[in-house]
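Visitor: Could you walk me through this one? I'd like to look at the overall build and then at a few of the helices.

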Amino acid sequence: MKWYPWLNDPYRQILVRYQQGQGHHALLLHSQQGNGEASLIYALSRWLICRQPNGIKSCGVCNSCRLMKAGNHPDYYQLKPEKGRENLGVDSIRTLVGNLYSRAHQGGAKVVWLAHSEQLTEQAANALLKTLEEPPAQTYFLQGCHEPSYLLPTLMSRCLKWLLKPPEEVLGLRWLQQETTNKLQEATTALRLCDGAPLAAKALLQPPCWQERLALCTAMAQAIVNRDYLILLPLLNKDKNDAPLYWLLSLLTDALKLLQGAENFLVNMDQTKLIIALATHWPAVILHNHLQQWLNYRRQCQINGINQELLLTHYLLKLGVDYQHPCIHH
């Protein structure tokens, strides 16, 4: 699995605890998507299961290391939902627990990797609690999590929560420029749109996704000139994909920042002309009103059975109404 330079520090910090005999048997790694958390968890797993670790590195030559490289270590468990399902059910947990209380096949540690703890059903999480409370000897649970609020408090209380922060922007940009051919302004924009997560920024910069964002920006510029915001409808009406809406919100927020003298904190660094146009087109009070309306639209979209296209049309028409009647707030 690929390694990333910003993982060096958290890897050392976590492993020092294990070397000193203070490592927790259940580590809950909280990270936003795109920080390389899977690589960090895999590296920790390699060290924990290695029979002859060399400092903070796995030896790479023992039988356990060779089995890990081959992807078939019998004491390394990766929990994933069954094909066609989104959640991890109780049957998978019961099978896992039964295996953990058996003797390790290689005579060393047993490691469980649950990449997305949020996928546990409530019944599955409850089934795991007893084992987390009194785990078998030399058994480690490494869990990833993007949304801790989705986890049972009782599950979280049995784990050591570790926050994996995104790297400093300079480091993230350096890595992005090595991995892509995009200009600095584009790389900076992608990184900021992804809250500093480099892998997510790289995915955003891939041509299909990046061109989709640029198309939205171009349409927004045309909509301001022609006062026809319905041209945004096909670009925003994406089933189960709220990225275009997020891009729109970021543009409106940038325009508000510009009006309030916070231009150093702009996100869309490659769209300064559009941001200036938005800030010229609407005063701050109207921009703020639009932001609140679109956040309300996002909440309404979560209602089952709602006609998203009709609702989106309603909110796009309100952009023009608010321009003509700036004193009216809905």
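Guide: One definition before we start: helices here are DSSP runs of H or I with at least four residues, numbered from the N terminus. Keep in mind, too, that this is a predicted model.

Visitor: Fine. How many helices and strands does the protein chain have, then?
Guide: The C-alpha atoms fill a box of roughly 75 × 45 × 30 Å along the principal axes. Of the 330 residues in the protein chain, 45% count as buried. Going by secondary structure, the chain has 15 helices and five strands.

Visitor: Among contacts between residues at least 6 apart in sequence, what share joins residues at least 24 apart?
Guide: Set the bar at 6 places in sequence, then ask which of those contacts in the protein chain span at least 24. The share comes out at 69%.

Visitor: Let's zoom in on α3. Which residues just past its buried side and its end should I look at, and which one takes a positive phi?
Guide: Helix α3 runs over residues 63-70, and its buried residues are Ser-64, Cys-65, Leu-67 and Met-68. These cover an arc of only 160° around the axis, so they sit on the same side of α3. The face turned away from that side carries Lys-69 and Ala-70, both exposed. Just after the helix, a positive phi of about 80° is taken by Gly-71.

Visitor: What covers the buried residues of α3?
Guide: Here the cover includes one helix and one strand, spanning 37-49 and 76-79. Those elements are α2 and β2.

Visitor: What about Arg-51: buried, exposed or partly exposed?
Guide: Arg-51 sits in the loop between α2 and α3. Leaving out residues up to four places away in sequence, Arg-51 touches Cys-62, Ser-64, Gln-106, Gly-107 and Gly-108. Buried means under 20% relative accessible area and exposed means over 50%. At 44% relative accessibility, Arg-51 therefore counts as partly exposed.

Visitor: And how far apart in space are Arg-51 and Cys-65?
Guide: In sequence the two are 14 residues apart. From C-alpha to C-alpha, the spacing of Arg-51 and Cys-65 is 7.9 Å.

Visitor: On to α7. Which helices do its buried residues pack against?
Guide: In α7 (residues 169-179), the buried set is Gly-172, Leu-173, Trp-175 and Leu-176. They span an arc of only 165° around the axis, so they lie on the same side of α7. Val-170 and Gln-178 are exposed on the other side. The partners for the buried residues are α8 (184-193) and α9 (198-204).

Visitor: How do α12 and α14 run relative to each other, roughly parallel or roughly antiparallel?
Guide: The axes of α12 (residues 243-259) and α14 (residues 284-301) come within 10 Å and cross at roughly 160°. Angles over 145 degrees count as roughly antiparallel. So the pair is roughly antiparallel.

Visitor: What classes of residue make up that contact?
Guide: Among the residues that meet are Leu-248, Leu-252 and Leu-256 from α12, and Leu-291, Trp-294 and Arg-298 from α14. By class, the contact of α12 with α14 has 13 nonpolar, three polar and one charged residues.

Visitor: One more pair: how many charged residues are in the contact of α10 with α13?
Guide: Helix α10 (residues 207-226) and helix α13 (residues 272-281) have axes that come within 10 Å and cross at roughly 30°, and the crossing is left-handed. Cys-217, Met-220, Ala-221 and Ile-224 of α10 make the contact with Leu-274, Ala-277, Leu-278 and His-281 of α13. Seven of these residues are nonpolar and one is polar, and the number of charged residues is zero: no charged residues.

Key: Residues are numbered from 1 along each chain as its sequence is written. This is a predicted model: local features need pLDDT of at least 70, side-chain atom pairs count only at pLDDT 80 or more; totals for chains, interfaces and linings use all residues. Side-chain values use heavy atoms; hydrogens and water are left out. Axes are lines fitted to C-alpha atoms, for helices over the stretch in contact, and angles run from 0 to 180 degrees between N-to-C directions. Helices (H or I, at least four residues) and strands (E, at least two) are DSSP runs, numbered from the N terminus. Angles under 35 degrees count as roughly parallel, over 145 as roughly antiparallel, 65 to 115 as roughly perpendicular and the rest as oblique. Contact means heavy atoms within 4.5 Å. Ala, Val, Leu, Ile, Met, Phe, Trp, Tyr, Cys and Pro count as nonpolar, Asp, Glu, Lys and Arg as charged, and the others, Gly among them, as polar. Buried means under 20% relative accessible area, exposed over 50%, partly exposed in between (1.4 Å probe, protein chains only). The arc is that of the directions from the helix axis to the C-beta atoms. A crossing is left-handed if the near helix is turned anticlockwise from the far one by less than a right angle, and right-handed if clockwise.
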